[in-house]
Every structure is written in C-alpha cells, then in structure tokens.
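Visitor: I would like to go through this model and hear the reasoning behind the terms used for it. Please show it first.

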Amino acid sequence: MSQENVPADPPSGVGLPGLRTAAAGCRACELWEPATQTVFGEGPETARIVFVGEQPGDQEDRRGEPFVGPAGRLLDRALDEAGIDRRDAYVTNAVKHFRFTPTGKRRIHQSPGPEHLRACRPWLEAEFEVLKPEVVVCLGATAAKALISPSFRITKDRGQLLPWTPPGVAAVDPADDDEDAPHQTWMLATTHPSAVLRTPEEARPAAFDALVADLRVVAAALA
C-alpha cells in the first residue's frame, strides 16, 4: 500500500456516534477525495443483527446514509417479507466511501480493491466491537470474502449459518455454560440486493425469493 493508503485508526470507547464522527474525516485511502462524504453504518447499538454490504452507491454517497437507493429499497422489501424489522438492525458496508468511474454526468460503480477493504476494515471491526451482534449477514461476494474467506462462493455456500468470531473478540467455548460468557455469533452470506436488480427480468422474481429465503433463516435464528 502507498503511504496514503494505510489501515484506518478508529478511536476506542466512543460508541457508534463517536465512531461516525471520526469516520467523517477518514483519509486512510484515496477514495475520500472524489466521494461526497463518508457513509457510516446506521442502526441502534442494541441491534442483534448486522448487515454488511460492499460500499455505498451513488444515492448513498449523496445522502450520507447506507442502503437508501434502489438496492436499499429492495432490501427493505425483502426484510419485510422475511419478518425482519430494519429499524432493529444495523446496516453498514465493508468500505465507507463510494468508488466510481465518472462517465459523462453519471458515476458508474467500481468495485473496491483489496487495498480499500484493508484500509477500511478497522472501522468495521470497531462497529462489531460496539454492537456485539448475534448474527452478521454478508450481502454479496465482497463482504463475504472480506469477513469469511477469500475463497467463499455465494453461489455455493449462501444461506448457511456459520459460527463466526468477530475481530478482536475471544472465541466462544461451546462447553462454557456460564450465562455471563459471550454468546456465539453467527454469519450468513447471501446475494447483494443490487445483484437481484441486475438479474434479467424473467429471472428476477426467483432471485428475490431466494434472497427472502436466506433472510428467513436469519429471522428463525433470532426467534
């Protein structure tokens, strides 16, 4: 990585509001310069479930909120059908700035590189440290590869609850029945809502139903 592209250094002990304020001035990678603003996660600190996408899109970049564009509206509809209230969830992205290629008056999404994921990962880890979620849902391949494994394949392993240890948290001992002991965190990966939107029209209802089916697995785990 270049001198201008190093892992972020979030403050500790400041809660989500403090992290959000600090992230607004993040210069850990070059993506901050063309972007409108940092798009930090949103949701209550009491959230039992965290959704992690790839990066903000055009509308998210302009408004400063995650998942408020077309993909966000589709996610809301899928969550509703699965019986999950988004107001009870925390929604964020693996990368907090919009990476794009300008084409005329449009800004075309460009996937973040490994260097951007590395630079931004400390923010994600800081969010997990505050939230201590029961379930983390990776929306799309980028988030899944960043949090589960670089070899993870959504098409093969989606919709499965996997035991997962958040960064910086001690692994849970299954034999420990102490009620004060940390609880097991679960990970599930599914398609990103934008992938459903890119699906050919005739196949889109089935792709949406598959997303809802995965989210129902999460809803059942939280019941």
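Visitor: Which residues lie nearest the centre of the largest pocket, and how many residues line it?

Guide: In this predicted model, the largest pocket is lined by 29 residues, and G57, H109, H192, S194 and R198 lie nearest its centre. The elements that give two or more residues to this lining are α2 (58–63), α3 (70–82), β4 (106–109), α5 (141–147) and α7 (193–198).

Visitor: What makes a residue count as part of the lining?

Guide: A lining residue has an atom within 4 Å of a point of the pocket. For the largest pocket, 29 residues line it, and its volume is about 760 Å³.

Visitor: How do the residues of that lining divide into nonpolar, polar and charged?

Guide: The lining of the largest pocket has 10 nonpolar, 11 polar and 8 charged residues. Gly counts as polar and Arg as charged, so G57 belongs to the polar group and R198 to the charged group.

Visitor: How many cavities of 30 Å³ or more does a search of the whole structure find?

Guide: The search finds 1 cavity of that size. The largest cavity holds about 80 Å³ of space. Its lining has 13 residues, and C26, C29, K96, H97 and C120 are the closest to its centre.

Visitor: Why is one space called a cavity and another a pocket?

Guide: A 1.4 Å probe fits in a cavity but cannot get out, whereas a pocket is an open set of points. The space of about 80 Å³ is classed as a cavity, and the one of about 760 Å³ as a pocket.

Visitor: Which helix gives the largest share of the lining of the largest cavity, and what kinds of residue make up that lining?

Guide: Helix α4 (residues 114–131) gives the largest share, 4 residues. The lining of the largest cavity divides into 9 nonpolar, 3 polar and 1 charged. Lys counts as charged, so K96 belongs to the charged group.

Visitor: What is the order of the strands in the open sheet, and what makes β2 and β6 its edge strands?

Guide: The sheet has 5 strands in the order β2-β1-β5-β7-β6. Strands β2 (89–93) and β6 (162–164) each pair on one side only, and they are the edge strands. The twist averages 30° from one strand to the next.

Visitor: How do you know that β1 and β5 pair?

Guide: Two strands pair if at least two bridges are found between them. Strands β1 (residues 49–53) and β5 (residues 135–139) have 4 bridges, in the parallel sense, so the condition is met. V50 stands opposite V136 in β5, and the bridge partner of V52 in β5 is C138.

Visitor: What makes the pairing in this sheet mixed?

Guide: Strands of a sheet pair either parallel or antiparallel. Here, β1 and β2 pair in the parallel sense over 5 bridges, with G53 opposite N93 in β2. Strands β5 and β7 also pair in the parallel sense over 5 bridges, and V137 stands opposite L188 in β7. Strands β6 and β7, however, pair in the antiparallel sense over 3 bridges, where W164 stands opposite T185 in β7. The sheet is therefore called mixed.

Visitor: Why is β1 called mostly covered?

Guide: Buried means under 20% relative accessible area, and 5 of the 5 residues of β1 are buried. Both faces are covered: I49, F51 and G53 are buried on one side, and V50 and V52 on the other. Strand β7 is also mostly covered, with 5 of its 6 residues buried.

Visitor: Which strands does helix α8 lie across?

Guide: Helix α8 (residues 204–222) lies across β1, β5 and β7 (185–190), and runs at about 170° to β7.

Visitor: Why is F67 called buried and K132 exposed?

Guide: F67 has a relative accessible area of 5%, which is under the 20% cut-off, so F67 is buried. K132 has 60% relative accessibility, which is over 50%, so K132 counts as exposed.

Visitor: What is the phi of F67 and of K132, and where do these residues lie?

Guide: Phi of F67 is near 55°, and F67 lies in the loop between α2 and α3. Phi of K132 is near 45°, and K132 is in the loop between α4 and β5. Each is a positive value in a residue other than glycine.

How values were computed. Residues are numbered from 1 along each chain as its sequence is written. This is a predicted model: local features need pLDDT of at least 70, side-chain atom pairs count only at pLDDT 80 or more; totals for chains, interfaces and linings use all residues. Side-chain values use heavy atoms; hydrogens and water are left out. On a 1 Å grid over the protein atoms alone, a cavity is a set of points where a 1.4 Å probe fits but cannot get out, and a pocket is an open set with protein on both sides within 12 Å along at least five of seven lines; lining residues have an atom within 4 Å of a point. Grid points are joined across faces, edges and corners, and a volume is the space filled by probe spheres set on the points. Axes are lines fitted to C-alpha atoms, for helices over the stretch in contact, and angles run from 0 to 180 degrees between N-to-C directions. Contact means heavy atoms within 4.5 Å. Buried means under 20% relative accessible area, exposed over 50%, partly exposed in between (1.4 Å probe, protein chains only).
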